[in-house]
Amino acid sequence: MPRKRAKQRRTNPIKQLAHSSAGFPQSYPQEPWTNRKAFSNHGLSGFPSSSPGASDRKYGVDALSAAIRVRVVVDAPQYSGLIGPLDYSSERPLAPGTLVRVPLGRREVVGLVWTEAAAMASAPHEGELRAITEVLDALPPLGPSWLALTEFTAAYYQRGVGETALSVLPPELRKLGNADVAKRLGRLEKKRAQAGEQTNQPTGPAAALTPEQQAALDALAAAQAGGEPPPVLLYGVTGSGKTEVYLQAAERALAAGRQVLVLVPEINLTPQLQARFADRFGAHRLVALHSGLTPAQRLGNWLKAHLGHADLVLGTRLAVFTSLPRLGLIVVDEEHDPSYKQQEGARYSARDLSVYRGRLERVPVLLGSATPSLESWHRADEGRYLRLPMRERIGGGVLPQVRLFDMNQLPRQHGGSALSPPLLQALQQRIAAGEQSLLLLNRRGYAPVLHCPCGWKSGCPHCSAWRVFHKGDRSLRCHHCGFSERVPRACPDCGNLDIQPIGRGTERLEEQLIEALPGARVARIDADSTKHKGALEAQLNAVHAGEVDVLVGTQMIAKGHDFRRITLVAAINPDGALFSSDFRAPERLFSLLMQAAGRAGRDATQAGRSEMWVQTWNPQHALYTALRKHDFEAFAASQLAERRSAGLPPYASLALLRAEARSADDATAFLQAASDLARELAGIDAVMLYPPVPPTIARIANVERMQMLVESDSRIGLQRLLAAWLPQLHVLRSQHRGVLRWAVDVDPLAI
Ligand SMILES: [Zn+2]
Ligand SMILES: [Zn+2]
């Protein structure tokens, strides 16, 4: 085997990638994408479910007498061609997953020992193989399932394996020498010993369960008893107590001596959930992993997980790659959330990888949502996921009554106003009763564009987009490239002093509210109002403390927050998404509105009179009809029927090839040439190639963007084609000098 693998070096990198995974499951398929059975049972797949066993590996080498060939992956970008492992010589056998430093060209880089050491017939000739510079063996090697997860990620999302593996490790780790690592581990051990007496703290009391929560936990336990638990879709309306199910499922895993990984969609939501887990299990057992940590914190927390000191890891999408030697449960909260999809590098979906990881390590995966992604919903329909519904709110609370407010019915003079007279009246009633209201407007800034009667508009000189007027600092700011200028006093084209805002954002809505509701305490939460550290917490605290009557905000306020005094939620003008060219826009809108509705009536005593208003020009739209009944199931069924007839996910698999260039022609030419190459490939019959088109915003920061959709009924067919096609594109790019960047996005979220 080792000799055979050595021969395959530098042939077809993708093929090599597939084969270089030796040492993982013995039954690793020759072509990873032909394992149909694995695919059919699973969202993402390609590996058999048998757990890899590094421990049975035999080095088969007399370590002391011969130099050893070691295969190492390094962080080489995809286009460099160094996509698979490289050979180095080592004086001793090194376990896969060991961090090393190796020479690469004239540099020295961090690498990861990838496959088992292979005996060399004789010592390598001088100059034949370069030697490993340093072995970072103070750190226990990354486990075989971790290696399998990153290898799968690289193959599935079409990136280099070394690039992928090293990019998901804490950046600080790459800077340290072996002595530094040893020192850090020593400090961690010491701290742990000092905190030893704490670790016997009793855990906080579990809450009494509702029958639905109990049923969900029982079903989870039963599924787990089978040894190969299917992913569980915990479909629970907002306020049904999903978190308590997570907590008790975690408690069971911890009691069995296992570690628990909890993923949340946004950093903003981690403190809340972190507090609940810390209350229950003790803060010392818990670490957080997200991009808001300092590099040192991130490394420290990662090490605690890797060494098994931390029992619970709570984090955003990057945490899916945490090394957890005793993993026993994965929870993905708000599994439908788009932020689980990475938007650069390996464009992975942390939700899908969680499911894959669960299968690889035979641990249960709990996907929770009130509005599951249609992909997950469909898998549950097919019986591949176990669906556990929780339809009741805790304490018998009811969901707010949804009222569709038909803007066509308003007298003309009010037709364009965000604040219709009935809405103002409803807000006044809430204020008089000492209750809070929430206004959702998913557009920040004061107005999306300024204009002059002469025809001038506040376009961005660098993008095909308008610059948004921010009244607070009197700036015109591009939300795509960041280009910002002070608002001109007069029209730059004709000198007219009367330039006017068109449309409205949260800033303007806030201003209109203050004007229309004298004396009311109005607050605004969006990306602008929460720029400074601690601002969001302070604002949320003010809402919780009852210091705010009307809260205005973007989707930031719709997600997760447990507001207790809100009895009215109003969506100001959500219609835009109904007519978007992105087929996922209705799904996202429905989910956002359901989540926003869930902010109202969380206190059971107020639930009965809480309401959600939707101001719409299209009250007959099926999406709103389903929303009015809180009927996600009907909405999902109608969307899935549309997707099926249109041949869209989850009934088809997509990849998006993107190109960026100084001119749209250059980007198009590259994609066209790529398309021509694909048509020569054997697997082309399985896929459909669409012509290159510009995305919604074609030009950003003076870079023209084009994209080309690749579609297939078969995930395997698509993967086969991509694996054969992408290596050619690295070559092709060198013939298209005008192309600045290109990338492939597998299972893209935004089209
Ligand atoms: Zn711009
Ligand atoms: Zn003008």
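Helices, as the term is used here, are DSSP runs of H or I with at least four residues, and strands are runs of E with at least two, both numbered from the N terminus. With that numbering, R362 falls in the loop between α11 and β11 (365–369). The structure is a predicted model, and the account below begins at this loop before turning to the sheets and the helix pairs.

R362 has a phi near 55°, a positive value in a residue other than glycine. A residue counts as buried if 20 or more other C-beta atoms lie within 10 Å of its own, and as exposed if 12 or fewer do. R362 has 16 such neighbours and is therefore partly exposed. H630 also carries a positive phi, near 55°, and is likewise a residue other than glycine. H630 belongs to the loop between α18 (622–628) and α19. Because 22 C-beta neighbours lie inside 10 Å, H630 counts as buried. A further backbone feature follows α19: the peptide bond from P649 to P650 is cis, with omega near 5°. P650 sits in the loop between α19 (632–646) and β24 (653–661).

Helix α11 (residues 350–361), which precedes the loop of R362, packs against helix α4 (residues 144–156) at an angle of about 140°, the axes being 10 Å apart. The pair is therefore classed as oblique. The crossing of α4 over α11 is right-handed. On the α4 side the contact involves S145, A148, L149, F152 and T153, which meet L353, Y356, R357, L360 and E361 of α11. By class, this contact comprises 6 nonpolar, 2 polar and 2 charged residues.

A second helix pair is formed by α20 (residues 664–678) and α21 (residues 715–734), which pack at about 135° with axes 10 Å apart. That angle makes α20 oblique to α21, and the crossing is again described as right-handed. A673, A674, L677 and A678 of α20 make the contact with L721, W725, Q728, L729 and L732 of α21. The contact of α20 with α21 has 8 nonpolar residues, 1 polar residue and no charged residues.

Strand β11, on the far side of the R362 loop from α11, is part of an open sheet. Seven strands make up this sheet in the order β8-β9-β7-β10-β11-β6-β12, and the pairing is parallel. Strands β8 (286–289) and β12 (386–390) each have a single partner strand, so one side of each lacks a neighbour in the sheet. From one strand to the next the twist averages 20°. Within the sheet, β7 (residues 259–263) and β9 (residues 312–315) run parallel and are joined by 4 bridges; V260 has L312 of β9 as its bridge partner. Helix α10 (residues 295–306) lies across β8 and β9 and runs at about 130° to β8.

Strand β14 (residues 436–440) offers a view of strand burial. Which of its residues are buried? All 5 of its 5 residues are. In a regular strand the side chains alternate between the two faces of the sheet. In β14, Q436, L438 and L440 lie on one side and S437 and L439 on the other, and both faces are covered. β14 pairs in the parallel sense with β22 (residues 566–571) over 5 bridges, L440 having A571 as its bridge partner. β14 also runs parallel to β21 (residues 550–553), to which 4 bridges join it; there S437 stands opposite V550.

Definitions and conventions
Residues are numbered from 1 along each chain as its sequence is written. Chains are lettered from A and ligands numbered from 1 in the order in which they are written. This is a predicted model: local features need pLDDT of at least 70, side-chain atom pairs count only at pLDDT 80 or more; totals for chains, interfaces and linings use all residues. Two strands pair if DSSP finds at least two bridges between them. Axes are lines fitted to C-alpha atoms, for helices over the stretch in contact, and angles run from 0 to 180 degrees between N-to-C directions. Two residues are in contact if their C-beta atoms, placed from the backbone, lie within 7 Å. Angles under 35 degrees count as roughly parallel, over 145 as roughly antiparallel, 65 to 115 as roughly perpendicular and the rest as oblique. A crossing is left-handed if the near helix is turned anticlockwise from the far one by less than a right angle, and right-handed if clockwise. Ala, Val, Leu, Ile, Met, Phe, Trp, Tyr, Cys and Pro count as nonpolar, Asp, Glu, Lys and Arg as charged, and the others, Gly among them, as polar.
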